Every structure is written in C-alpha cells, then in structure tokens.
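Thanks, everyone. Let's take this one in two parts: a sheet, then a chain contact.

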Amino acid sequence: MSVENEIVIQTHDLKKHYEMGTETVRALRGVDVSIQRNEYIAIMGPSGSGKSTLMNLIGCLDTPTSGEYVLNGQPVQDLDDDELARIRNREIGFVFQTFNLLPRASALHNVELPLIYAGVSSRERIKRAKAALAQVDLSDRMDHKPNELSGGQRQRVAIARALVNGPSIILADEPTGNLDSVTSEEIMSVFDALHDNGQTIIMVTHEPHITAHAERVITLRDGEIESHDAPRTPRAQTV
Amino acid sequence: MRILEGIWIALQQIWAHKLKSVFTLIGVIIGITFLIAVITIVEGMNRYVQDDFAGAIFGVNTFSVVRRNQIRTGAESDEQRRQRARNPYITMHDVEVVRQAVPDAWRFSYSVDRGFSQVSYNEHSRKNIRVIGGSDGYEAMQGWTVADGRGMSPLDERMSLKVAVLGADIAERLFPDVSPIGKRIRLGSSRLEVIGVWERQGGLLGVIRDASILVPISTFRETMAWQRNRIGEITIKARSIEEMQASMLEVEAALRRDRKLRPGEDNNFWLQTSSDLLGAWEKINKILFAALPGLVSVSLVVGGIVIMNIMLLSVAGRIREIGVRKALGATRRDILFQFLAESSTLSLAGAAIGIALGIGLGKAVDALTPLPASVPMWSIAVSLVLGLVVGVGSGIYPAYQAAKQDPIVALRYE
C-alpha cells in the first residue's frame with residue numbers, strides 16, 4: 001500500500017443549503033475535493049465563500065444537503081449525530097482559532113479529553129496525553145491551567161489534544177488568528193513538523209503567508225471551488 | 001469513566017464557587033438536616049422509651065392494679081370516660097384481695113400519691129411536688145436507692161412515723177448548704193423528719209423521681225389523704241414474663257370474684273402494664289413519621305428546583321465547552337451523563353452536609369436536653385438515596401438542554 005497515494009478525503013458534488021426564513025442560502029454548490037494522506041492543504045476564500053461550511057462538513061460537525069463524502073474509506077454523509085461524534089473522535093483533530101481549551105482543567109486533562117470519549121483507560125490516557133504534550137514540547141507545562149500559559153503554549157496544548165487520538169486529519173481553523181506574528185511562525189513550525197512526520201493537515205485561513213506552508217491551496221468563492229493551486233509563495237522563501 | 005469526568009467537574013465547580021454552592025444546596029441541606037435530626041431524635045426517644053422509660057416506670061415483668069387506664073394520648077377515649085364514671089376506687093380491701101391472689105409474687109407494694117403546691121424548710125421552698133404514700137417495699141419495687149441517709153423501713157409504716165425520703169432536686173433546693181438528714185420539713189400542715197435522699201436520676205425520668213417525696217403510706221393516709229381509704233395503685237412484680245401473665249390472670253379473677261362481676265361484664269378496674277405505655281408511644285411515633293415525609297419533600301422539591309436553575313445557568317455559561325466536548329467526540333449521551341453526574345454530585349454533596357448537620361443537631365439535642373438521640377444507619381442511606389433522586393431529577397432538563405446543543409453553533413457561541 002502506498003501511503004503517498006492513499007486518499008483520506010473524497011467528496012463528490014457536496015452541497016449545503018440553509019433555510020433562512022423564506023430564502024434558501026446555497027452555501028456550497030457542489031464541491032469535489034480529493035485529499036491524499038500526508039497532504040498539507042490550505043483552504044482560502046473570502047467570508048461568505050463557504051469555507052466555514054466546507055470545514056464543518058469535512059470535520060463531520062454537519063451533514064451535507066446532498067452529495068457524497070468519504071472519510072478514510074467510510075461514507076459519512078448520512079450518519080446521525082452520535083455516529084458523527086464517534087467519527088470526529090477517531091478521525092479528526094480540531095485546532096481552533098480561539099484554542100477552546102477547558103479553562104479550569106490542566107493542560108494534561110485538556111489533552112486527555114478525546115481519550116475519555118474514546119473510552120481509553122485512565123493509565124493509558126495519561127501515558128498518551130503526556131506523549132502528545134511532549135510532541136509539542138510542553139512536557140514541563142502539563143499541570144498548568146490555560147490561564148497560566150501564553151497564547152502560543154495554549155495553541156500547542158490544543159494541537160496536542162488534536163493529535164492524541166491519532167486522527168486521520170488535523171483540521172485547523174485559523175490557528176494563528178489570535179497570535180502575534182512571531183508566535184504564529186512558532187505554531188506553523190509545529191504544523192510543519194507534524195506534516196514532516198506524515199500527518200495530514202487541512203488548514204482554513206485567509207492569511208497568504210500561512211498558506212505558504214501548505215502544499216496545495218483550495219480557494220473557494222460563492223460556494224464553489226475557484227482554484228486548486230500550489231501556494232503562490234514557495235514555503236522555502238518565507239522561512 | 002465519563003461519569004467520573006462529570007463528578008470531577010462537579011467537585012471542581014463546588015470548590016471554585018464555595019459560597020454559591022452553599023446557597024445552591026441550601027434546600028437539600030435543610031431538608032436532609034431536618035430528616036436526620038427528626039429521625040435521630042425520634043429513634044433516640046424510641047430506644048429510650050423501650051429500653052429505659054417503660055422499664056423504669058413500670059419495671060420489667062411488672063403490672064399495676066389501678067382504677068382506670070392512666071395513659072392517655074390526646075382526647076380521652078369513650079372507654080376511658082366510661083371507666084372513670086363507673087369504676088370504684090381501689091381500696092385497702094382490694095390490696096388484701098390482690099395480696100391473697102398472688103401470695104408468691106416476687107415484689108408487692110401499693111401506694112397513693114397527690115400533688116402538693118409546696119414543701120419548705122426555713123426560708124427555702126420547692127413548688128409543685130408529688131408526695132407518695134408508699135407501702136413497705138415501694139422503693140425496692142421502683143428500684144430507687146438512697147444516696148444519703150436511709151430508705152423507708154417496715155417500722156416507719158407500722159408506727160406511722162412522720163418521716164420522709166426526698167428526691168435529689170427537692171433536697172438540693174431545701175438544703176443548699178446543710179445535710180438534710182434529721183431536719184424537719186414543712187409539708188402542708190405536717191412536719192416530717194428527713195431520713196434519706198435518693199440518688200439523682202436526671203434525664204427525662206428525673207422529672208418524676210427527683211421531684212418526689214416518699215412518706216409511709218400509713219402516715220400519708222392519716223395526715224395527708226383526701227380520702228383515707230383510697231389507694232392509687234397496687235403493683236406486683238413477677239420473676240418472669242410468664243409468671244407475670246399468670247399473676248395478672250389470678251388478680252383479675254380474684255378481683256372479679258370479690259367485686260361480684262358476672263361473666264361477660266367488663267372489668268371495673270384496669271391492669272396497667274408497660275405495653276400500655278409502649279402503645280401510646282407508638283401512636284405518637286406514627287404521627288411523627290406520618291408528618292415527616294411531607295415536610296422533608298417540600299424542602300427537597302424546593303432544593304431540586306434551585307439546583308435545576310443553577311444547572312440551567314451552568315449549561316448556558318458553558319455552551320462553548322459543550323461545543324468543544326462535542327467536537328472532540330462527546331456524544332449526546334456523554335454530555336447528558338456529564339451534567340446528570342454534576343447535578344447528582346451537587347445534590348449528594350448537599351445531602352452529605354445535611355447528614356453531618358443533622359447528626360450534629362441530634363448530638364446537640366442529646367447533650368443539651370434530656371431528650372436522647374441515636375442515628376440509625378438506615379436514615380443515612382435514605383438521605384443519600386433522596387440526594388441522588390433530587391440530583392438526577394433536577395439535572396434531567398438542564399442535561400437535556402446541554403446534550404441537544406449543535407456543536408457548530410456551540411463552538412461559535414460567545
């Protein structure tokens with residue numbers, strides 16, 4: 001089996017319509033995306049372009065109005081809420097713009113959360129959560145609460161939390177949106193390292209210098225894919 | 001595992017907002033405190049009545065011949081009213097009839113008593129006392145022993161001596177500084193020489209013994225009785241319950257024969273035993289236990305409503321957390337259990353505080369009043385179950401509200 005060519009995400013004619021009063025908003029108008037394992041994808045587009053909708057669908061937070069979505073070999077377009085929750089738990093690691101850590105829990109407990117919902121035993125959870133924190137270089141901060149950590153450290157805890165279940169994809173939504181440029185680069189280098197280790201990464205962003213880290217940029221406009229491109233600025237030049 | 005997560009979160013919440021938690025839980029705390037305190041005191045009373053009180057008043061294997069049932073709960077029953085109207089007084093003649101009916105009784109005594117408004121010695125006095133005219137053997141029957149001086153002797157009765165044995169309370173009041181033995185007290189128009197003081201009984205029963213004065217029954221009949229021939233009660237103590245039951249039949253038969261009652265005619269006397277008293281107590285007990293659930297459930301329902309509202313607030317304040325948990329793979333059921341565990345932990349914490357306070361209150365009553373207290377294990381179990389029921393009951397609606405959140409909306413919630 002060739003890891004390089006294995007397809008992780010395959011969508012066909014993905015549509016999402018919302019009823020807003022009497023009007024129907026067609027947020028996605030038939031999107032075909034194919035993403036291979038260990039790809040590093042950036043999704044771009046102006047607001048209203050449907051990139052959030054696409055991200056929700058790819059992240060299994062929502063189901064399409066029509067079309068097909070196969071995630072890691074499994075069709076997921078018709079699953080119910082609880083089945084989607086289990087898919088999210090196993091297959092997807094979320095990284096959010098606002099970190100979304102539990103404020104009263106330690107870094108370690110935050111990273112343990114997905115494992116709790118996966119039903120992993122306490123001993124195993126702690127072992128794996130510590131390993132994930134080590135991967136983002138935060139072993140010495142695992143007993144700290146989020147408010148005792150810097151923004152960059154918080155986002156690294158969130159990345160560790162996304163990694164800990166060994167997901168098929170990491171789905172990052174504007175992961176540097178709340179960080180200064182130095183910290184942004186620090187976080188982007190964490191993603192780069194993960195990618196180098198074989199992780200598939202999908203990043204929603206509107207900052208061109210962030211897209212530079214990606215191998216491929218998908219640009220959306222008016223609910224349709226406008227272009228599949230290599231990044232405009234090669235990554236080597238920004239580092 | 002997920003339930004543990006809920007419990008852990010709940011404990012954190014309680015700890016982070018200690019004052020708020022106390023107010024949240026106040027309904028449950030009051031309800032459970034009340035429940036435990038009442039059960040503790042009633043149970044203590046129960047044990048006391050059964051173990052000590054009935055035995056101390058009537059003695060074990062003891063019965064009395066009296067004119068009518070003296071134990072009343074609430075209003076006088078028709079039977080009691082009829083007895084009062086119909087039954088003749090117990091007399092010295094009855095004493096002889098009973099004595100001959102049970103010649104082998106272990107102990108036998110008879111007595112009569114009346115209240116006196118006051119007893120005095122010099123300038124010291126004690127109001128509202130009871131004077132007992134007791135036959136020889138009365139103290140032995142009651143199990144009263146003297147702490148100072150001596151008790152009644154057969155000679156005192158035979159000679160109708162003007163002597164008295166005092167309860168500890170009376171002795172203390174009349175003789176704060178000097179020994180009472182040999183002093184002459186004034187009781188109505190009589191003057192009596194104090195020959196002894198009983199040991200203090202204390203507690204609930206002390207109300208009777210410690211405020212009583214015993215004189216020979218002969219003396220009492222000659223100088224204090226309103227009706228010289230009337231006897232209050234004849235008391236017989238048997239060696240065993242079987243012997244007591246046999247003696248009761250003998251006494252009943254002898255009195256009926258003597259009073260010429262026809263077969264089928266009701267007794268015109270009453271054989272009082274400790275079971276009469278226990279019956280009365282059980283009646284009181286039943287009333288207390290009938291009222292308890294209503295009072296407790298009112299405060300628990302109020303407590304549950306408060307917890308439900310606090311949980312709704314908690315859910316509203318943690319929409320984003322719910323979104324995060326759902327994004328990370330929590331199912332509806334996970335979220336439901338988390339919040340149910342949280343409300344249950346809250347409520348159980350309230351129940352635990354209530355149990356502690358209730359036991360404390362019971363102990364305080366035990367220490368500060370003559371009422372005894374005893375905490376039965378089942379009351380703690382009942383309290384914990386009630387705490388759990390209130391917790392789950394008040395958590396269902398908020399937990400459902402939390403579980404049905406759409407993760408996309410919840411994640412964007414500000």
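One term before the sheet: two strands pair if DSSP finds at least two bridges between them. And keep in mind that this is a predicted model.

Start in chain A. Here 6 strands make an open sheet. The order runs S7-S8-S9-S4-S10-S11, and the pairing is mixed. Which strands sit at the edges? Those are S7, residues 92–95, and S11, residues 224–229, of chain A. Each of these two pairs on one side only. As for twist, neighbouring strands are turned by 20 degrees against each other on average, direction ignored.

Now look inside the sheet. Strand S4 of chain A covers residues 40–44, and strand S9 of chain A covers 200–204. They pair in the parallel sense, over 4 bridges. Want a residue to click on? Take Tyr40(A): its bridge partner in S9(A) is Ile201(A).

A helix packs on this sheet too: H5 of chain A, residues 151–163. H5 touches S7 and also S8, residues 169–173, of chain A. The direction of H5 makes about 170 degrees with that of S7(A).

Second part, the chain contact. Chain B gives 19 residues and chain A gives 19 residues. Stay on the chain B side. Four helices of chain B each supply at least two residues there: H1 (2–16), H13 (319–327), H14 (332–368) and H16 (407–412). Which one gives the most? H13(B), with 6 residues. By class, the side of chain B that touches chain A has 8 nonpolar, 3 polar and 8 charged residues.

That's the tour.

Definitions and conventions:
Residues numbered from 1 in each chain as written. Chains lettered and ligands numbered in written order. Predicted model: local features only at pLDDT ≥ 70, side-chain atom pairs only at ≥ 80, totals over all residues. Contact = placed C-beta atoms within 7 Å. Nonpolar A, V, L, I, M, F, W, Y, C, P; charged D, E, K, R; others polar. Axes fitted to C-alpha atoms, helices over the stretch in contact; angles between N-to-C directions.
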